[in-house]
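Hi,

Here is the structure I promised to pass on. Have a look at it first, and then read my notes underneath.

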Amino acid sequence: MMTDYDPNNIFAKILRGEIPCKKVFENEWVLAFHDIGPKAPVHVLVIPKGAYVSYADFSAKASSDEIVGFTRAVGHVAQMLGLEENGYRLISNVGPHSGQEVPHFHVHLLGGGPLGALIGR
Ligand code: 5GP
């Protein structure tokens, strides 16, 4: 089950510059910005510029160039933020069981200190 992309989701508005964000990095493929409710000392969201609902949607429909551009950008942002030495975690929520709130594909980049267990229930 994959819902259609909603062009009025909050990250689409951020991409269009209708809502501000604390930008960390931008190139032709991605925008990276600080999460508004950080769950770790460093909590950055990396989103593709293309209109994809989730990882499922992105992995199925994005072009090879978009996938490579996105993947390299996530690694670049982690490196830029100085997270490589002590490590970091990537999370992407997909659909209802994950609690995905914003229906524009994004990766959470978490680090800056010990992160604890992978999931809590
Ligand atoms: P999800 O649950 O969809 O994986 O994560 C959505 C994330 O977006 C949450 O961590 C939430 O704090 C963040 N978020 C929601 N609205 C905004 C916003 O307007 N600006 C920013 N920077 N982050 C947001």
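Let me start with the ligand: one of its oxygen atoms sits 2.7 Å from a polar backbone atom of Glu 101, which is a polar contact in the sense used here (a pair of N or O atoms within 3.5 Å; within protein, one must be able to donate a hydrogen and the other to accept it, and residues adjacent in sequence count only if both atoms are side-chain atoms). An oxygen atom of the ligand is also 2.8 Å from an N or O atom in the side chain of His 108, and a ligand nitrogen lies 2.9 Å from a polar backbone atom of His 34. On its own the ligand has 520 Å² of accessible area, and the protein covers 87% of that (Shrake-Rupley method, 1.4 Å probe; for residues, only the protein chains shown count as cover). The ligand is surrounded by 16 residues, and the closest are Asp 35, Asn 93, Glu 101, His 106 and His 108; a residue counts as near if one of its heavy atoms lies within 4 Å.

Before going further, some ground rules. Keep in mind that this is a predicted model, where local features need pLDDT of at least 70 and side-chain atom pairs count only at pLDDT 80 or more, while totals for chains, interfaces and linings use all residues. Residues are numbered from 1 along each chain as its sequence is written, and side-chain values use heavy atoms, with hydrogens and water left out.

Next, His 106. UniProt lists His 106 for "active site" in an unreviewed entry; positions from there are given in the numbering used here, feature names are shortened, and annotations may be inferred rather than shown by experiment. His 106 is in the loop between E4 and E5 (strands, E, are DSSP runs of at least two residues and helices, H or I, of at least four, numbered from the N terminus). Is His 106 buried or exposed? It is buried, with a relative accessible area of 5%, where buried means under 20%, exposed over 50%, and partly exposed in between (1.4 Å probe, protein chains only). Leaving aside neighbours within four places in sequence, His 106 is in contact with Phe 11, Leu 45, Val 46, Ile 47, Ile 91, Ser 92 and Gln 100; contact means heavy atoms within 4.5 Å.

On to the strands, with E5 (residues 107-111) as the starting point. 5 of the 5 residues in E5 are buried, so the strand is largely enclosed by the rest of the structure. Val 107, Leu 109 and Gly 111 are on one side and His 108 and Leu 110 on the other, and both faces are covered. That fits the usual pattern: in a regular strand the side chains alternate between the two faces of the sheet.

Which strands pair with E5? Strand E3 (residues 42-48) runs antiparallel to E5 and is joined to it by 5 bridges, and strand E4 (residues 88-91) pairs with E5 in the antiparallel sense over 4 bridges. For two strands to pair, DSSP has to find at least two bridges between them. On the E3 side, Val 42 stands opposite Gly 111 and His 43 opposite Leu 110. On the E4 side, the bridge partner of Ile 91 is His 108, whose side chain also has that 2.8 Å approach to a ligand oxygen.

E3 is mostly covered too, with 7 of its 7 residues buried. Val 42, Val 44, Val 46 and Pro 48 point one way, and His 43, Leu 45 and Ile 47 the other. E3 also pairs antiparallel with E2 over 5 bridges, and Ala 32 stands opposite Val 46 there.

E2 (residues 30-34) in turn is joined to E1 (residues 23-26) by 3 antiparallel bridges. The two form a hairpin with 3 residues between them, and Lys 23 has Phe 33 as its bridge partner.

Two more residues to look at. Val 30, in strand E2, counts as buried at 0% relative accessibility. Beyond four places in sequence, Val 30 touches Phe 25, Val 46, Ile 47, Pro 48, Lys 49, Gly 69, Phe 70 and Ala 73. Ala 40 is in the loop between E2 and E3 and is buried, with a relative accessible area of 11%. Not counting neighbours within four places in sequence, Ala 40 is in contact with Leu 110, Gly 111 and Leu 115. The C-alpha atoms of Ala 40 and Gly 113 are separated by 7.3 Å, although the two are 73 residues apart along the chain.

Cheers
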